[in-house]
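Visitor: I would like a close look at a single part of this protein, taken slowly and with its surroundings included. Could you walk me through one helix and what lies around it?

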Amino acid sequence: MVLEDSDVEMIVAEIEVSEHDVETPHGRIHCTMKGVPKGDRPVILTFHDIGLNHKTCWNTLFNHEDMSEIMQHFSVCHVDAPGQHEGANTFSTGYEYPSMDQLSETLPLVLKHFGLKSVIGMGIGAGAYILTRFALDYPNMVEGLLLININPCAEGWMDWAAHKVTQ
């Protein structure tokens with residue numbers, strides 16, 4: 001079956017979208033839930049790479065017509081790292097950005113906030129590292145992972161940026 005552009009737009013328009021700020025010991029995590037979780041079915045949880053947010057990283061994929069079938073059967077929870085979502089405030093002086101390991105520690109709180117039992121994680125770059133750490137620490141919460149461009153020797157985000165500037 002081939003969907004017309006108008007059919008894809010109608011399917012995407014029917015999907016409920018809600019934005020949430022989840023309080024964690026490592027700061028407020030901004031999440032966007034697309035769709036309504038269905039029973040015990042896992043939710044697709046995404047985490048973006050450095051310098052991106054869920055829209056700049058994932059919109060092309062999730063808005064593609066071939067994803068409409070998946071979007072009818074799975075909800076998606078996009079997680080934005082602190083300060084990366086659209087309209088985010090600048091950090092106050094002295095703010096210490098969480099490490100990637102600390103960001104992985106925020107994900108059980110995200111699942112709890114939405115009442116989720118398990119996820120299928122999709123991560124790119126730093127997001128892939130964060131989801132891998134999450135899966136190693138909380139294997140019962142992860143049904144599977146799709147990891148793109150993961151670097152297991154990754155530095156912290158601020159270390160990475162400082163290294164890029166000094167090169």
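Visitor: What span should the 15 residues of helix α4 (residues 100-114) have at 1.5 Å a residue, and how far apart are its end C-alpha atoms?

Guide: Please keep in mind that this is a predicted model. At 1.5 Å a residue, the 15 residues of helix α4 should span 21 Å, and because its end C-alpha atoms are 22 Å apart, the model agrees with that expectation. The buried residues of α4 are M100, L103, S104, T106, L107, P108, V110, L111 and F114, a list that begins with the residue at position 100 and ends with the one at position 114. Just after the helix comes G115, whose phi is positive, at about 70°.

A second helix can be read in the same manner. Helix α5 covers residues 126-137, 12 residues in total, and reaches 17 Å from its first C-alpha to its last, close to the 16 Å expected at 1.5 Å a residue. Its buried residues are A126, G127, A128, Y129, I130, L131, F134 and A135.

Going back along the chain from α4, one meets the loop between β4 (76-80) and α4, where A88 has its place. With a relative accessible area of 25%, A88 is partly exposed, because buried would require a value under 20% and exposed a value over 50%. The C-alpha atoms of A88 and H30 are separated by 9.2 Å, although these residues are 58 apart along the chain.

Next, consider the aromatic residues F91, Y95 and Y97, which form one aromatic cluster. The count of aromatic pairs in the model comes to five. One of these joins F91 to Y97 in an edge-to-face arrangement, with 5.6 Å from centre to centre and 80° between the planes. Another edge-to-face pair is made by Y95 and Y97, whose centres are 6.1 Å apart and whose planes again stand at 80°. Y97 therefore takes part in both of these pairs, and at 11% relative accessibility it counts as buried because the value is under 20%. F91 is partly exposed, with a relative accessible area of 36%, and Y95 is likewise partly exposed, at 32%.

F91 also leads to the largest pocket, which holds about 320 Å³ of space. Of the 16 residues that line this pocket, the closest to its centre are R28, G83, H85, N89 and F91. Strand β2 (residues 27-34) contributes the largest share of the lining, three residues. Sorted by class, the lining has five nonpolar, eight polar and three charged residues.

Two further local features complete the tour. The charged end of R41 sits over the ring of F74, 5.6 Å from the ring's centre. Elsewhere, N149 has a positive phi of about 55° although it is not a glycine, and this residue is found in the loop between β6 (142-148) and α6 (157-166). At 60% relative accessibility, N149 counts as exposed, because that value is over 50%.

Definitions and conventions: Residues are numbered from 1 along each chain as its sequence is written. This is a predicted model: local features need pLDDT of at least 70, side-chain atom pairs count only at pLDDT 80 or more; totals for chains, interfaces and linings use all residues. Side-chain values use heavy atoms; hydrogens and water are left out. Helices (H or I, at least four residues) and strands (E, at least two) are DSSP runs, numbered from the N terminus. The expected span of a helix is 1.5 Å times one less than its number of residues. Buried means under 20% relative accessible area, exposed over 50%, partly exposed in between (1.4 Å probe, protein chains only). Rings of Phe, Tyr and Trp (its six-membered ring) pair if their centres lie within 6.5 Å; planes under 30 degrees apart count as stacked, over 60 as edge-to-face and the rest as tilted. A charge sits over a ring if NZ of Lys or CZ of Arg is within 6 Å of the ring centre and within 35 degrees of the ring normal. On a 1 Å grid over the protein atoms alone, a cavity is a set of points where a 1.4 Å probe fits but cannot get out, and a pocket is an open set with protein on both sides within 12 Å along at least five of seven lines; lining residues have an atom within 4 Å of a point. Grid points are joined across faces, edges and corners, and a volume is the space filled by probe spheres set on the points. Ala, Val, Leu, Ile, Met, Phe, Trp, Tyr, Cys and Pro count as nonpolar, Asp, Glu, Lys and Arg as charged, and the others, Gly among them, as polar.
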